[in-house]
Amino acid sequence: VDREKREVVQLLAIKKGEHILDAGCGSGYYGVILKKYGAVPFGVDLSENMIRFLRQHGIRGSVGNIEDIQLHKTFDKILAAGVLEFVANPERAIHNLTSHLKKKGTLVILYPRYSIGGILYKCYHLLHGINIHLFTAESIKKKLLCAGLTVNIHKHVDPIVSVIKAVKT
């Protein structure tokens, strides 16, 4: 988790006052980090309980699906950490997130890749009745390009996840 956090924070290159969307924010793990670095985080999650937890940290958020939520605002940066594997349509989610990104804005995605570790991660979720998506480097890059993004950095973080940074052109 420390390495994952370090890579995400490094790729986001958080600046004071930036408005950053935490897509699939959960209880606010990354939102709290973003706030600590001086950003203005805003979270979106499917779970009303998660948004309630987020608000307890003094962070605003909305209940919704990242595939189709319309927030009627744009962000300097968007973080999608550990969420893309759970959506029904990852392409649609990326396109919708991109529509909430300012021109020259940054999207950072932490995702499980198709690897031995990723397959074990998928099996773990299948045992709990959840079918998740795994991504190859090529498939995630293609989805980002189709959404009008330019990929800057792509790194393997550990045996399961990779992180990718793309900019809206």
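**Salt bridges and the setting of strand β5**

Lysine 155 is partly exposed in this predicted model, because its relative accessible area is 26% and the buried class ends under 20%. Its partner in a salt bridge is glutamate 7, with the closest N and O atoms 3.0 Å apart. The two residues belong to distant parts of the chain, since glutamate 7 sits in helix α1 and lysine 155 in strand β6, with their positions 148 residues apart. Glutamate 7 has a relative accessibility of 11% and therefore counts as buried. This bridge makes a friendly starting point for a walk through the fold.

The protein chain contains 6 helices and 7 strands. Followed along the sequence, these elements come in the order α-β-α-β-α-β-β-α-β-α-α-β-β. The radius of gyration is 15 Å, close to the 15 Å given by the globule rule for 169 residues, so the chain is as compact as a globular protein of that length. Along the principal axes, the C-alpha atoms occupy a box of roughly 40 × 35 × 30 Å. Buried residues make up 49% of the 169 in the chain. Among contacts with a separation of 6 or more, 59% come from residues 24 or more positions apart.

Helix α1 (residues 2-12) brings several side chains into the interior. Glu4, Glu7, Val8, Val9, Leu11 and Leu12 are the buried residues of this helix. Their cover includes helix α2 (29-36) together with strands β4, β5, β6 (149-156) and β7. Alanine 13 follows α1 and has a positive phi, near 45 degrees.

How many salt bridges does the model contain? The count comes to 5, and the pair of glutamate 7 and lysine 155 described above is one of these bridges. In another, the side chains of lysine 77 and glutamate 18 meet, with an N to O distance of 3.0 Å. Lysine 77 is part of strand β4, while glutamate 18 is in the loop between α1 and β1 (19-23), so this pair ties together parts that lie 59 residues apart in sequence. Both partners are buried: lysine 77 has a relative accessibility of 6%, and glutamate 18 has one of 11%.

A further bridge joins lysine 102 to aspartate 76, at 3.2 Å from N to O. Here the link runs from strand β5, which holds lysine 102, to strand β4, which holds aspartate 76, so parts 26 residues apart in sequence are tied together. Lysine 102 is partly exposed at 32% relative accessible area, and aspartate 76 is also partly exposed, at 22%.

Strand β5 (residues 101-112) deserves a closer look. Of its 12 residues, 9 are buried, so the strand is largely enclosed by the rest of the structure. With strand β4 (residues 75-81), β5 pairs in the parallel sense through 6 bridges. Within this pairing, alanine 81 faces leucine 110 of β5. Helix α4 (residues 90-99) joins β4 and β5 in a right-handed β-α-β unit. Strand β7 (residues 161-168) also pairs with β5, this time running antiparallel, over 7 bridges. There, tyrosine 111 stands opposite serine 162 of β7.

Proline 112 is likewise found in strand β5. Is this proline buried or exposed? Proline 112 is buried, because its relative accessible area is 1% and anything under 20% falls in that class. Leaving aside residues up to four places away in sequence, proline 112 touches Glu85, Tyr121, His133, Leu134, Phe135, Ile160 and Val161. Lysine 35, by contrast, is 77 residues away along the chain, and its C-alpha atom is separated from that of proline 112 by 25 Å.

Cysteines complete the picture. A disulfide is a covalent bond between the sulfur atoms of two cysteines. The structure holds 0 disulfides. Cysteine 25 is buried, with 7% relative accessible area, whereas cysteine 123 is partly exposed, at 38%.

Methods:
Residues are numbered from 1 along each chain as its sequence is written. This is a predicted model: local features need pLDDT of at least 70, side-chain atom pairs count only at pLDDT 80 or more; totals for chains, interfaces and linings use all residues. Side-chain values use heavy atoms; hydrogens and water are left out. A disulfide is a pair of cysteine sulfur atoms within 2.5 Å. Buried means under 20% relative accessible area, exposed over 50%, partly exposed in between (1.4 Å probe, protein chains only). Helices (H or I, at least four residues) and strands (E, at least two) are DSSP runs, numbered from the N terminus. Two strands pair if DSSP finds at least two bridges between them. A crossover is right-handed if, with the strands pointing away from the viewer, the path from the first strand over the helix to the second runs clockwise. Contact means heavy atoms within 4.5 Å. A salt bridge is a side-chain nitrogen of Lys or Arg within 4 Å of a carboxyl oxygen of Asp or Glu. The radius of gyration is taken over C-alpha atoms; the globule rule is 2.2 Å times the number of residues to the power 0.38.
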